[in-house]
Amino acid sequence: MNDALILGIAGAPGTAQHHDSASLHVTGRAQFIDDIAEPPGLLHCKLVTSPHAHARIIGIDSTAALAVPGVAAVLTADDFPGANDIAPILKGEPCLAADVVDYAGQAVAIVAAETLAAAREAAKHVAVQYQPLAPVLSIEAALAAESYVAPPQIIVRGDADAALAAAPHRLKGRLRTGGQDHFYLEGQIATAMLRDDGGMHVLSSTQHPTEVQHGVSHVLNLPFAAVTVEVRRMGGAFGGKESQATQIAAMAALVAARTGRPAKLRLARDDDMIVTGKRHDFLINWDVGFDGEGRILGLDMRLAARAGNVADLSPAVMTRALCHVDNVYFLPAVRLRGYACKTNTVSNTAFRGFGGPQGMIGTEAMIEQIARHLALPVEAVRARNYYGAPPRATTPYGQEVEDNIIPLLSAKLEASAQLAERRAAIDRFNRASPVIRKGLATFAVKFGISFNIPTLNQAGALVHVYTDGSVHLNHGGTEMGQGLFVKVAQVVADVFQIDLGHVRVSATTTDKVPNTSATAASSGSDLNGMAAYNAAIDIRARMATVAAAQFGVPIESVTFSANRVYAGNRSLSFAELAKLAWQQRVSLSATGFYRTPNLSWDAKTMRGRPFYYFAYGIAASEVAIDTLTGEYRVLRTDIVHDCGRSLNPAIDRGQIEGGFVQGMGWLTMEELWWDAEGRLRTHAPSTYKIPGSRDIPADFRVHILEDSPNPEPTIFRSKAVGEPPLMLAISVWLALRDAVASLGDNRFPVALDAPATPERVLAAAADIRRHAASGGAALPSV
Ligand code: MTE
Ligand code: HPA
Ligand code: MOS
């Protein structure tokens, strides 16, 4: 046997490889759009935004602004050569407000000047006259007014009313969950450059170059082919740049088209937080029937989300929320209703989990309430409701759960985290500790992988092999820090059996790979990995034909291994074969395409098989709270997460840790606060607290489940990992509730919404103490 065969290649799939830009990231040399050398004549832009949540625009006077030295243009809704519409799903979502503003912070005009300072100064002098109108701000107000951005959605299975009526026990409850700012380090930005042929080249920090291309072409009235959108990397996106990068790019392109000069629009942090949408806050109400052991028999649940002023992605977010109410639990008879409430607040959008986290957290609070009511351990009630063998294996929307590994994950966690012993130790601790209380909780996640709109589950790639054996890889996926580029490069390196270092990945651009989907729904590597694989396989087959002819052997006996190509007892380097193919006029370039198989979804009946497979994970978190101040710490978190056969365990670990901590931020400290006029008052890190390095669990044990190939034939049997771990942070929120519950000997339901800020923890603790003191006569409202 040849040594080379044993050596293999450097960077093979399944091995831990650092992010392709890791050293650039940590040395500050990675170029983000604002770091790219500015083209001559560049104009800098600043938005003029509405101070009112709802008002009619009476007039806009730009005279004073135009008089500021260096100002080149002040543009409004009247200036679009095409349509003033950037809607991603439905129609009618203005880029710049036209007659009416419908949230505080909505862009009304854009000022372009030689310097950013001049643009900022001039923006103050654009005089907009408003006639204020009554705003609808809250979910409750929108529900009362039946004000929705899209028709309500409903999933029904069986007869929920009959099941509720017949159930031995019945409880009602409610939960409110807060929104979340994406807080990507790089704010929204775009630079637009008019080409000599009238086309537009846009550098956009976007997860969705194709949608930006469409948006720019709509507002400028250009064919798609005249607009090119490029992104090398984003400094984080988290869903915030799935649809909302379009508006920023469209405005920069408007300035470039109107002035004939390149234009850059970069939102400052405060503007970014005020102008762009966030995770949807939800109000969740349930009416649940169950048996004496806590088994759920019937459920009527209503999810209401604050969608903001326009639909944006809210209908799809609500669909995903409704499809995650079940999470890991079998719900026999259900009626799940979802309302995307239209309010005079910023349009909420995709955020890691895409409604899934909100869908599943209500169910967890409900199960906890059931357990407290029956005086049973919460863990036992959870386990009793897990999906099982048919007939307990069908989701409310009709998809079978065929790959359930929750019992396996749960057993692993139980053993590795010594849950039983720690539970006993915590109970002992709490009995002896009046002020500091500890809590422990586990949470299991099942997250559906695929865009919940089947059409979107497609991807393309473009691969070139050069005559020195180096490989250029391009695909429709975008890099936002999640490590997509290195994973897809590992796939291509493996197909050619060359070292990872020989594969170069270039910026994502709409003129290399067209008609792409957003890099979202965690499916970036599933889709683009497979498309790139298909392209590379094509080229490899052509190269194998050349090698077979050269050595006079059948093509089946040609093998690619460790940077060489073997045929019988002869071999060539990969580079030599590339050159040989070129000499023989064989193409060394190919496109690849992939569509996810076996998907179906009927939006009318809300039934089908929307997900190719499920990704699973489980976490246990232990917390300590100070019941006199409400402050808390996460003492320990254990995670067992399923990445299928991981393409890159180092990257996947980073996604698990990062997702978990981001989820903790959502559920514990990140609080968005709007005043009575509908103005966001938490629009900077001074008032909006994201987790810092000292907030991560003091003892953080992340374990990637081994020997767990995806049962579906995904790329090298891997599983998507981008979003699911965020939801594992629900374990922290549940642990905080557990700690609070100990104040009343676990007899009373805990009234604690999300985020569980110290103030809320303190209030919940006081609430339980009151009820314990009054002998538990009246139950607190949940
Ligand atoms: N990781 C980093 N570092 N930065 C990000 O912006 N976005 C998350 C997740 N992980 C994000 C991230 C979201 S919302 C999604 S959908 C996935 O990455 C998208 O990438 P993938 O499909 O390649 O996993
Ligand atoms: N996730 C992210 N983006 C989407 C989805 C989804 O499920 N559906 C449509 N856009
Ligand atoms: Mo992620 S919320 O699907 O961009």
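Two strands pair if DSSP finds at least two bridges between them. In this predicted model, strand 17 (residues 458-465) and strand 24 meet that description, since seven bridges hold them in antiparallel pairing. Within the pair, Gly 460 sits opposite Phe 593 of strand 24. Strand 24 covers residues 589-595, and its side chains take turns in facing two ways. Ala 590, Gly 592 and Tyr 594 point to one face and are buried, whereas Ser 589, Thr 591, Phe 593 and Arg 595 point to the other and are not. Phe 593, the partner of Gly 460, therefore belongs to the face that is not buried, where buried means under 20% relative accessible area.

A second example of pairing comes from an open sheet of three strands, in the order 4-2-6 and with antiparallel pairing. Strand 4 (100-101) and strand 6 (127-132) stand at the edges with a single partner strand each, so one side of each has no neighbour in the sheet. Strand 2 (residues 55-61) is joined to strand 4 by two bridges, and the two run antiparallel. Ala 55 has Val 101 of strand 4 as its bridge partner.

The next stop is ligand 2. Around this ligand are Glu 242, Ala 316, Arg 320, Phe 354, Phe 451, Asn 452, Ile 453, Leu 456, Ala 520 and Ala 521. By class, this shell holds seven nonpolar residues, one polar residue and two charged residues. Three side chains make polar contacts with the ligand. An N or O atom in the side chain of Glu 242 is 2.7 Å from a nitrogen atom of ligand 2, and one in the side chain of Asn 452 is 3.0 Å from a nitrogen atom of the ligand. For Arg 320, a polar side-chain atom lies 3.0 Å from an oxygen atom of ligand 2. On its own, ligand 2 exposes 260 Å², of which the protein buries 98%.

Leu 456, one of the residues around ligand 2, also leads to Ser 517. This serine lies in the loop between strand 20 (508-509) and helix 16 (524-551). Ser 517 and Leu 456 are 61 residues apart in sequence, yet their C-alpha atoms are 5.7 Å apart in space. The side chain of Ser 517 reaches the backbone oxygen of Leu 456 at 2.5 Å. Beyond its neighbours within four places in sequence, Ser 517 is in contact with His 208, Phe 451, Leu 456, Gln 458 and Gly 476. Ser 517 counts as buried because its relative accessibility is 10%.

Ligand 1 has 18 residues around it, and Ala 237, Phe 238, Met 480, Gly 524 and Gln 655 come nearest. Its shell is made up of six nonpolar, ten polar and two charged residues. Oxygen atoms of ligand 1 take part in contacts with both backbone and side chain: a backbone N or O atom of Phe 238 lies 2.9 Å from one, a polar side-chain atom of Gln 482 lies 3.1 Å from one, and a backbone N or O atom of Ser 522 lies 3.4 Å from one. Ligand 1 has 520 Å² of accessible area on its own, and the protein covers 92% of this.

Gln 655, among the residues nearest to ligand 1, also touches Val 721. Val 721 is found in the loop between strand 29 (699-704) and helix 19 (724-727). Not counting residues up to four places away in sequence, Val 721 also touches Lys 487, His 641, Cys 643, Asp 652 and Ile 656. With 4% relative accessibility, Val 721 counts as buried.

Technical notes. Residues numbered from 1 in each chain as written. Chains lettered and ligands numbered in written order. Predicted model: local features only at pLDDT ≥ 70, side-chain atom pairs only at ≥ 80, totals over all residues. Heavy atoms only, no water. Near = heavy atom within 4 Å. Polar contact = N/O pair within 3.5 Å; in protein donor to acceptor, adjacent residues only side chain to side chain. Areas by Shrake-Rupley, 256 points an atom, 1.4 Å probe, with all protein chains shown as cover. Nonpolar A, V, L, I, M, F, W, Y, C, P; charged D, E, K, R; others polar. Buried < 20%, exposed > 50% of the residue type's maximum accessible area, 1.4 Å probe, protein only. Helix = DSSP H or I, 4+ residues; strand = E, 2+ residues; numbered from the N terminus. Contact = heavy atoms within 4.5 Å.
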